[in-house]
Amino acid sequence: MAPKWRELADRLAEQIRDGEYAPGAQLPQIRDLVEAGEGSKSTVHAAYKALEAEGLVTSSRGHGTVVRERAPLKRLGIARYDKAKWRDGDEVAFIADRVASGRTYKRNEQTQTVSRVTAPAAVAQAHGLPEGAEVYARARVVREGSQPTHTLTSYYRPEHVEGTRIVDPTPGPAGRGGGFRVLYDAGYEIDHMQETLFARVPTAGEAQLLQLAPSEWVVELHRTTYTADGTVVEFAIGVHAATRFAWTYDFKVPDSARDQGKEEGPP
């Protein structure tokens, strides 16, 4: 049998998900639930702490316990890299997500720091570089208003980006069309990429930087970007606040047997 605080937390969580308590609504004061017979002060407090750990509410002095906003940003999959967005326009990836979500944006909501560093092991492996080789690291923090949503650090070979806008630390995208447009203009048109996503517990520094609720996880992204001839022109690592995004992928379903038959042709 579950402890009483767990039963109360589960019941309140269900009410939140059913919309009884809307995003931004304040939950009853602890003393009110105690008076209503929901349990002792310590029981109700434990239930509220559980809801906070699960990312459903936030608690602060003077505001009580409030239901978190639950309208995550659309984090587009394939569509966010459409060449028409950045090659022919100025819709870089994080802006494409905001447009798809119907949210406003400012270009300077992306900060960045650029430095030349010794390639970490994963970066060297992705780029096919020897141990000790140097790369440019372009680290960004992206915010929606005052709230950080994610970080993204892209690593480039110096010979691909030296002297370009990619190594300019000015806040915002690297000029019109962003980093992919810079690579395109330098003769490195992106052709395909591989993304790997996994969830994990954040480090203390990440929790502070992204302003995460207690026990909120992050989704880490590894992105490897290639030209048509297989040259790696960017390896990126992103760390996303898990509850602030919903990943969306829209793609044609492959049929490898049919495609193989086309390649082989008639006997």
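This is a short talk on the cores, one strand, a surface patch and the salt bridges of this structure.

Okay, hi everyone. Before anything else, please keep in mind that we're looking at a predicted model.

Let's begin inside. The largest nonpolar core has 16 residues, and the members that touch the most others are Leu 27, Tyr 48 and Leu 51. Two helices, H1 (4-17) and H3 (41-53), each put at least two residues into this core. If you click on Leu 27, you'll find contacts to Tyr 21, Tyr 48, Leu 51, Val 57, Thr 65 and Val 67, leaving aside residues up to four places away in sequence. There's another core too, lying apart from that one, with 12 residues, including Tyr 136, Tyr 156, Ile 166 and Val 182.

Val 182 takes us to helix H8, residues 178-185, where Gly 178, Gly 179, Phe 180, Val 182 and Leu 183 are buried. After H8 comes Gly 187, which has a positive phi, near 95 degrees.

So what about the charged residues in H8? Asp 185 and Arg 181 make a salt bridge through their side chains, at 2.9 Å from N to O. They sit about one helical turn from each other because they are 4 residues apart in H8. Are these two buried or exposed, or something in between? Asp 185 has a relative accessible area of 48%, so it counts as partly exposed. Arg 181, at 22%, is also called partly exposed, since buried means under 20%. While we're on charges, Arg 116, Glu 134 and Glu 162 are joined into one network by salt bridges that share partners.

Next, my favourite strand to scroll along: S9, residues 232-241. How many of its 10 residues are buried? The count is 9, so S9 is mostly covered. On the pairing side, S6 (residues 147-156) runs antiparallel to S9 and is joined to it by 6 bridges. One place to look is Tyr 155, which stands opposite Phe 235 of S9. Strand S8, residues 218-227, is antiparallel to S9 as well, with 9 bridges joining the two. S8 and S9 form a hairpin with 4 residues between the strands, and there Gly 230 has a positive phi near 90 degrees.

Now zoom in on Ala 241, which belongs to S9. Its bridge partner is Val 218. Why do we call Ala 241 buried? Because its relative accessibility is 0%, and the cut-off for buried is under 20%. Around Ala 241 you'll see contacts with Thr 149, Leu 210, Leu 212, Glu 216 and Trp 217, again not counting residues up to four places away in sequence. And if you check Glu 220, which is 21 residues from Ala 241 along the chain, the two C-alpha atoms are 9.0 Å apart.

Let's go out to the surface. Ile 78, Leu 197, Tyr 249 and Phe 251 make up a nonpolar patch there, and together they have about 390 Å² of accessible area. Tyr 249 sits in the loop that runs between strand S10 (245-248) and helix H10 (256-264). With a relative accessibility of 38%, Tyr 249 counts as partly exposed.

Last topic: back to salt bridges. The total for the model is 17. Let me show you two more of them.

The first pair is Arg 6 and Asp 10, whose closest N and O atoms are 2.9 Å apart. Both residues are in helix H1, 4 residues apart, about one turn of the helix. Asp 10 has 41% relative accessibility, so it is partly exposed.

The other pair is Arg 80 with Asp 97, where the side chains meet at 2.6 Å, N to O. This one links distant parts of the chain, 17 residues apart: Arg 80 is in the loop between strand S3 (73-76) and helix H4 (83-86), while Asp 97 is in helix H5, residues 93-101. Where do they fall on accessibility, buried or exposed? Arg 80 has a relative accessible area of 5%, which means it is buried. Asp 97 comes in at 3%, so it counts as buried too.

That's my tour, so feel free to spin the model around and ask away.

Key
Residues numbered from 1 in each chain as written. Predicted model: local features only at pLDDT ≥ 70, side-chain atom pairs only at ≥ 80, totals over all residues. Heavy atoms only, no water. Core = buried A, V, L, I, M, F, W, Y, C linked by side-chain atoms within 4.5 Å. Buried < 20%, exposed > 50% of the residue type's maximum accessible area, 1.4 Å probe, protein only. Contact = heavy atoms within 4.5 Å. Patch = residues over 30% accessible without salt bridge, like charges linked within 9 Å, V, L, I, M, F, W, Y side chains within 5 Å. Areas by Shrake-Rupley, 256 points an atom, 1.4 Å probe, with all protein chains shown as cover. Salt bridge = Lys/Arg side-chain N within 4 Å of Asp/Glu carboxyl O. Pairing = 2+ DSSP bridges.
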